[in-house]
Amino acid sequence: MNILKFIFDPAVLIILATFVSIIVFCVQKFSYVNTNLLWLLNFLKKFKKTDLTYRFGEFDKVISQNPYVSSAWQEFRNTLVFSESVALKKQDNSVAYQNVSQAVNSIQTTVDPMYFFNEDSLVLSKYNSKFVQIAPTLLTGMGPLFTFLNIAVAFTRVDFSSQETTISSVSGLMGSMQIAALCSVLAVGASLIFMFFEKLYYNRMCKKPLQEVQEAMYSLFDNISSEKFLIELLKETKIQNSNLTGLLTSLPNQFKEALDQSMAKAIVPYMENLLFGVNNLKETLKDVRPIQQNGGDVVDDLF
């Protein structure tokens, strides 16, 4: 059989064109996913867990503006638990910051990051993955389709009107049968080659970068269950309530001591001055008039 006749057969050309188109589609989409995953990985490596709390605004702004990962990030951000702090003013009017909970010193998440940054959200949803999955079935199905189509066309060309035409048509039938069989072989072979290529190229371009991105997310955000976080807050609340109870218990004694000190500093000197003035007044009265024999001195009666 002429090899050129086989190659330029319409059925063979359709199978080869379909195979090449699917390969080109996969290369383009996998390269697109690989480019965005590498960008995300390089961006995550710029941050560390220790400084992410202070640079979270920058981190959030850049990721939110990237359409490739923004949707997954918006959902993941709602699960984050921050180390909240309150501003306390000291006596010298300076401001000091104190954490609400000593157990939470970094940004934590109550949900596993892999729930948001997984294969479905970062890889499969970025291209027509359903089409790639059915591509082997499509190639395999084209084999029987064109096989039986060639057989049907070949039988329509059989002519038994004479011996020469019968021999010629039977020869054409055998050639068509060979092309039909080779169409099935070509379709199945293309399907096997595509599956082998797709697995290797997908693991290299998509699977491996995705795993590195997930590891980087784990290194930036500590995973803590919501129940554990509530227990930590409960412990911190109990500690604060205990400190507040001790403060309220000691407050009356401290108030009494402060009042006594204020009385000693303010009222006692005032009373001493008052007694000193009264004594001076008494001495003055003694000098002005003599004390009556039958009467008493009013000041002496008072003191």
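In the predicted model, Lys207 and Glu119 form a salt bridge in which the closest N and O atoms are 3.1 Å apart. This pair links distant parts of the chain, since Lys207 belongs to helix α7 and Glu119 to helix α5 (residues 119-122), 88 residues apart. Both side chains fall in the partly exposed class: the relative accessible area is 29% for Lys207 and 25% for Glu119. Salt bridges with shared partners also join Asp51, Arg55 and Glu58 into one network. Within this network, the side chains of Arg55 and Asp51 meet at an N to O distance of 3.6 Å. Arg55 is partly exposed at a relative accessible area of 27%, and Asp51 is likewise partly exposed at 22%.

Over the whole structure, the search returns five salt bridges. One of them connects Asp222 with Lys49, with 2.7 Å between the closest N and O atoms. Asp222 is located in strand β5 (residues 222-223) and Lys49 in the loop between α2 and α3, so this salt bridge ties together parts that are 173 residues apart in sequence. Asp222 has a relative accessible area of 24% and is therefore partly exposed, the buried class being under 20%. Lys49 also counts as partly exposed, at 31% relative accessibility.

The protein contains nine helices and five strands. Read from the N terminus, the order of elements is α-α-α-α-β-β-β-β-α-α-α-β-α-α. Of the 303 residues, 31% count as buried. The accessible surface amounts to about 20,100 Å², and carbon and sulfur atoms account for 61% of this area. When contacts between residues at least 6 apart in sequence are considered, 76% of them join residues at least 24 apart.

The largest nonpolar core has 51 residues, among which Phe59 and Phe221 touch the most other members. The elements that contribute two or more residues to this core are α2, α3 (56-64), α4 (70-77), α6 (129-156) and α7 (163-220). With residues up to four places away in sequence left out, the contacts of Phe221 are Leu52, Phe59, Trp73, Phe76, Leu80, Ile107 and Thr109. Phe221 thus touches Phe59, the other residue with the most contacts to core members.

Two of the residues touched by Phe221, Trp73 and Phe76, are also among the buried residues of α4. The buried set of this helix consists of Ser70, Ala72, Trp73 and Phe76. These residues cover an arc of only 160° around the axis, which puts them on the same side of α4. In general, an α-helix has 3.6 residues a turn, so residues three or four places apart point the same way.

At the surface, Ile7, Phe8 and Leu13 make a nonpolar patch of about 290 Å². Leu13 is placed in helix α2 (residues 10-44), an element that also gives two or more residues to the largest nonpolar core. The relative accessible area of Leu13 is 39%, so this residue is partly exposed; the value also lies over the 30% required of patch members.

Note on methods: Residues are numbered from 1 along each chain as its sequence is written. This is a predicted model: local features need pLDDT of at least 70, side-chain atom pairs count only at pLDDT 80 or more; totals for chains, interfaces and linings use all residues. Side-chain values use heavy atoms; hydrogens and water are left out. Patches are made of residues with over 30% relative accessible area and no salt bridge: like charges are joined within 9 Å, nonpolar side chains (Val, Leu, Ile, Met, Phe, Trp, Tyr) within 5 Å. Accessible areas come from the Shrake-Rupley method with a 1.4 Å probe; for residues, only the protein chains shown count as cover. A salt bridge is a side-chain nitrogen of Lys or Arg within 4 Å of a carboxyl oxygen of Asp or Glu. Helices (H or I, at least four residues) and strands (E, at least two) are DSSP runs, numbered from the N terminus. Buried means under 20% relative accessible area, exposed over 50%, partly exposed in between (1.4 Å probe, protein chains only). A nonpolar core is a set of buried Ala, Val, Leu, Ile, Met, Phe, Trp, Tyr and Cys residues joined through side-chain atoms within 4.5 Å. Contact means heavy atoms within 4.5 Å. The arc is that of the directions from the helix axis to the C-beta atoms.
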